[in-house]
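Okay, everyone, thanks for coming. Let me put the structure up and walk you through a few spots.

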Amino acid sequence: MNSLLNRRKMLTTCSSGFGMLALQGLLGQNKLSAKPHFTPKAKSVIFCYMSGGVSHIDTFDPKPTLNKFAGQPMPGKVERTQFNNNGNVFPSPFKFKRYGQSGIPVSSIFPRTAEMIDEIAVIRSMTSKVNEHAQGNYAIHTGFPFMGHPTAGAWVNYGLGNLNQNLPGFVVLHSGGSVPPHGGVGLYGSGYLPANNQGSILQVDKDEPIINVTPRESIFSQRKRLDFHKSFDQQFLHQVGNNQQVEAAIQNHEVAYKMQAAVPELCEIQGETEATKKLYGLDSSDIQKASYAKQCLLARRLVERGVRFVELSCLTEKLGAGGAANPWDQHGVLEKGHSAMAHQVDQPIAGLLQDLKVRGLLDETLVIWAGEFGRTPFSQGSDGRDHNPYGFSIWMAGGGIKGGTVYGSTDEFGYHVTEDKCDFYDLWGTVLHLLGLDHENLTFRHGGRDLRLTDVHGRVLNPILA
């Protein structure tokens, strides 16, 4: 049929897109990665997302003044909160201690992470413009408080390309019944970017981490079927002028085919030493902790294999309104809830940092720990805290970060930022910078406008860079 492109002509015609990728594969070249704007400090990102809103004044921003005003009405103006069931000043039930050569104070609920504080830059002056979970989740993931825009992982993959032809460039890990935060799977979406940049969810403790990843027929039969489909796909791609979304769908079929071998090998951790498993906490009798530990271990295995962006998901402890989508959301029983959540993630994350460092991977892997907002210095009811977007803490470690650093501050109550105020645009501007990308020049034309992760905002937080 002369209307069909022969193989050589197809590869030539589509030389700027999927066809060239296929040709490069035939030539044994790995050209899936893109060229950064300048020399990068990091190659990959691991995003430890603390969905629900971690209380900064109970973790990384101690406020002794709260003890002086304990049980008294909050001095000054109290901003509107999510539920407006505001009580009196509520001191942290946890003790803080200084760690490392830097002497940065860390809460008693993070004893293992505290031992790694000299690798960490604590940002105490993060803010958000929204005060509700779904909007907050979209704001930190995409830069916009509503769905439809690409998430940070998609932008990173789009800007840098994938280093591994057999795995997606952006992977989200779930385990133990964890689910996407409020807002749903759109938090991992590619928006208007080509669809091959969206996040792929792996259920790391399932026999099949991805549905149908186990072949139902021989590889030979599948290859013949895919090649047959591809002949039509490529003709259609040519007819629509090498449309990026069509091209991305074709590429996704190829990656899915290759993942049948790559994903089971990734999730098979029998080859890891017992010492490594123990480092992460995989031997823990706490099922939740062991489950999160497997996510952390697989995050290391993913970046080892060249995956650009990995996001981890917390498991619910069912305390203080902290459901599956927002485990850190302790509107009540904060002491018990935050203790349980910290116990779940502390050793696994510290183990991840230690393991990356020992293997020489921490210098090229940027680890981010963050939630969508903080919590109030006054109580909600008697023993919880409401949402506080006016000042809270996150931290970063690894690839190009100056460890043992504190950036910014909140007032003596931990309510509002008083120094070096920053936001999610600054966070992602800094992350992209460390990956070798200028956040102002990483754009995608959509709806007649050049859109970007940092919208029209953002700056690089230079004081935390090594």
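When I say two strands pair, I mean that DSSP finds at least two bridges between them. And keep in mind, this is a predicted model.

With that in hand, take strands β3, residues 96-99, and β4, residues 104-107: they run antiparallel, with 4 bridges joining them. One of the partnerships there is Lys97 with Val106 in β4. The hairpin leaves 4 residues between the strands, and Gly100 has a positive phi near 70°.

Now, helix α5, residues 133-142. Is this helix largely enclosed or not, and why? Well, 8 of its 10 residues are buried, so the rest of the structure largely encloses it. Buried here means under 20% relative accessible area. Among the buried ones you'll find His133, Asn137, Tyr138 and His141. And what do the buried residues of α5 pack against? Quite a list: strands β1, β8, β9 and β12, plus helices α6 and α12.

Look at the ends too. At the start of α5, Glu132 puts a side-chain oxygen within 3.2 Å of the backbone nitrogen of Ala134. Just after the helix comes Gly143, with a positive phi of about 90°.

Last stop, the empty space. We count 3 cavities of 30 Å³ or more, and the largest has a volume of about 70 Å³. Its lining includes Tyr49, Tyr188, Glu311 and Cys314. By class, that lining has 9 nonpolar, 2 polar and 1 charged residues. Which strand gives the largest share of the lining? That's β8, residues 309-313, with 3 residues. And β8 is one we've met already, among the elements the buried residues of α5 pack against.

How values were computed:
Residues numbered from 1 in each chain as written. Predicted model: local features only at pLDDT ≥ 70, side-chain atom pairs only at ≥ 80, totals over all residues. Heavy atoms only, no water. 1 Å grid on protein atoms, 1.4 Å probe; cavity = no way out; pocket = protein on both sides within 12 Å on 5 of 7 lines; lining within 4 Å. Points joined across faces, edges and corners; volume = space filled by probe spheres on them. Helix = DSSP H or I, 4+ residues; strand = E, 2+ residues; numbered from the N terminus. Nonpolar A, V, L, I, M, F, W, Y, C, P; charged D, E, K, R; others polar. Buried < 20%, exposed > 50% of the residue type's maximum accessible area, 1.4 Å probe, protein only. Contact = heavy atoms within 4.5 Å. Polar contact = N/O pair within 3.5 Å; in protein donor to acceptor, adjacent residues only side chain to side chain.
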